[in-house]
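This briefing is meant to be read alongside the sequence and the three-dimensional structure. Please keep both in view while going through the points.

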Amino acid sequence: MSDGARRWRPSARLRPLVSGIWCWSSPAGPTGTHQGVSSAHLTVVLCLDGTVDLLAAPDPRRGPGRFTASAAGLHTAPALLASGAPQSGMQLEMTWRGARTLLGLPAGELAGDVVDLALLLPGLDTLLDRLRAEPGWAGRCALLDAALCRVADARDGPGEPAPEVVHAWELLVRSGGTARVADVAGEVGWSPRHLGERLRRETGLGTKAAARVIRFERACTLLRRPLAPPLAELAATCGYSDQQHLAREFRELAGTTALSWRAERVAPAAPIRPRPARAASAPSSS
């Protein structure tokens, strides 16, 4: 995420499907690369200027690509993206349940891959044109929020996920990714193996991998704060055995060090607030 990134809190209707919407604008800079790190959310990007230039997908069996808008599934290895060209756009933190409702398929079908969003989201070209025509981020976010709510209301999706899978994920999130696999499986009434298979089919990650990225996402969230704790304290807070364990996870899940990752992602600007509604005109007296 580049300098000046700002976050919009979605409406109550959209929030179970999209945890946040980020908006950013990056000027031209030196040609280089950027790591797309592992996360407990799918990453959906809509470019208003520029493109997403994927050099290497998290799954090495997937090829590179260039997209005006893209959807990336959950993964346990970084994606490699080109950087340096001017770009602006909006990025959705989509939940795995949001993939079913908004994209029309289980998140497991996108695991480790980055695909063209136009294949999954109806009316994308028209939506992008409307977003580009809107003059400010608040208006764009409100427009996108409303459009996604309409998709959610109209989508004839693949049905609801198994309640055991939902409960297992909630247990992992509640623990910050530190819950034991056997304990989670026992809580939902499945064997660890069956739970892992069903969770992987639905989300793209088995139970242990899901816990891993949930814990890592929490560490990244804390590290990005202006008053981030020292790395040793961060490791202890998030349930890592020590600072070296945290360092290994950054190398494997982000392809960089914790401090380098933080330096690339400065603290976000103030969140985007909805525009105040216009007061109704008073009736004229005659």
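The points below deal with a strand, a helix, the nonpolar cores and a pocket.

The model is predicted. Strand S4 (residues 42-49) and helix H7 (residues 207-223) are each largely enclosed by the rest of the structure, because six of the eight residues of S4 are buried and twelve of the 17 residues of H7 are buried. The largest nonpolar core has 61 residues, and a second, separate core has 17 residues.

**Strand S4 and its partners**

- S4 pairs with strand S9 (residues 87-94) in the antiparallel sense, over seven bridges.
- Within the pairing with S9, Cys 47 stands opposite Gly 89.
- S4 also pairs with strand S7 (residues 69-72), again in the antiparallel sense, over four bridges.
- Ala 69 in S7 is the bridge partner of Leu 46.

**Helix H7**

- The 17 residues of H7 should span 24 Å at 1.5 Å a residue, and the end C-alpha atoms of H7 are 24 Å apart, which agrees.
- Among the buried residues of H7 are Ala 210, Ala 211, Val 213, Ile 214, Phe 216, Ala 219, Leu 222 and Leu 223.
- Arg 215 and Glu 217 are also among the buried residues of H7.
- The buried residues of H7 pack against six helices: H4 (163-174), H5 (181-188), H6 (192-203), H8 (231-237), H9 (243-254) and H10 (258-264).

**Nonpolar cores**

- In soluble globular proteins, nonpolar side chains tend to be buried together.
- In the largest nonpolar core, the residues with the most contacts inside it are Leu 46, Met 90, Leu 92, Leu 102, Leu 103, Leu 117 and Leu 144.
- Helix H3 (residues 137-154) gives the most to this core, with ten residues.
- Leu 144 touches Ile 21, Leu 46, Met 90, Leu 92, Leu 127 and Leu 131, leaving aside residues up to four places away in sequence.
- The second, separate core includes Ala 219, Ala 235, Leu 253 and Ala 258; Ala 219 is one of the buried residues of H7.

**Second largest pocket**

- The second largest pocket holds about 390 Å³ of space.
- This pocket is lined by 16 residues, of which His 41, Thr 95, Trp 96, Trp 169 and Val 173 are the closest to its centre.
- Helix H1 (96-103), H4 and H7 are the elements that give two or more residues to the lining of the second largest pocket.
- H7 thus appears under two topics: H7 contributes to this lining, and the buried residues of H7 pack against helices that include H4.

Conventions: Residues numbered from 1 in each chain as written. Predicted model: local features only at pLDDT ≥ 70, side-chain atom pairs only at ≥ 80, totals over all residues. Heavy atoms only, no water. Buried < 20%, exposed > 50% of the residue type's maximum accessible area, 1.4 Å probe, protein only. Pairing = 2+ DSSP bridges. Expected span 1.5 Å × (residues − 1). Contact = heavy atoms within 4.5 Å. Core = buried A, V, L, I, M, F, W, Y, C linked by side-chain atoms within 4.5 Å. 1 Å grid on protein atoms, 1.4 Å probe; cavity = no way out; pocket = protein on both sides within 12 Å on 5 of 7 lines; lining within 4 Å. Points joined across faces, edges and corners; volume = space filled by probe spheres on them.
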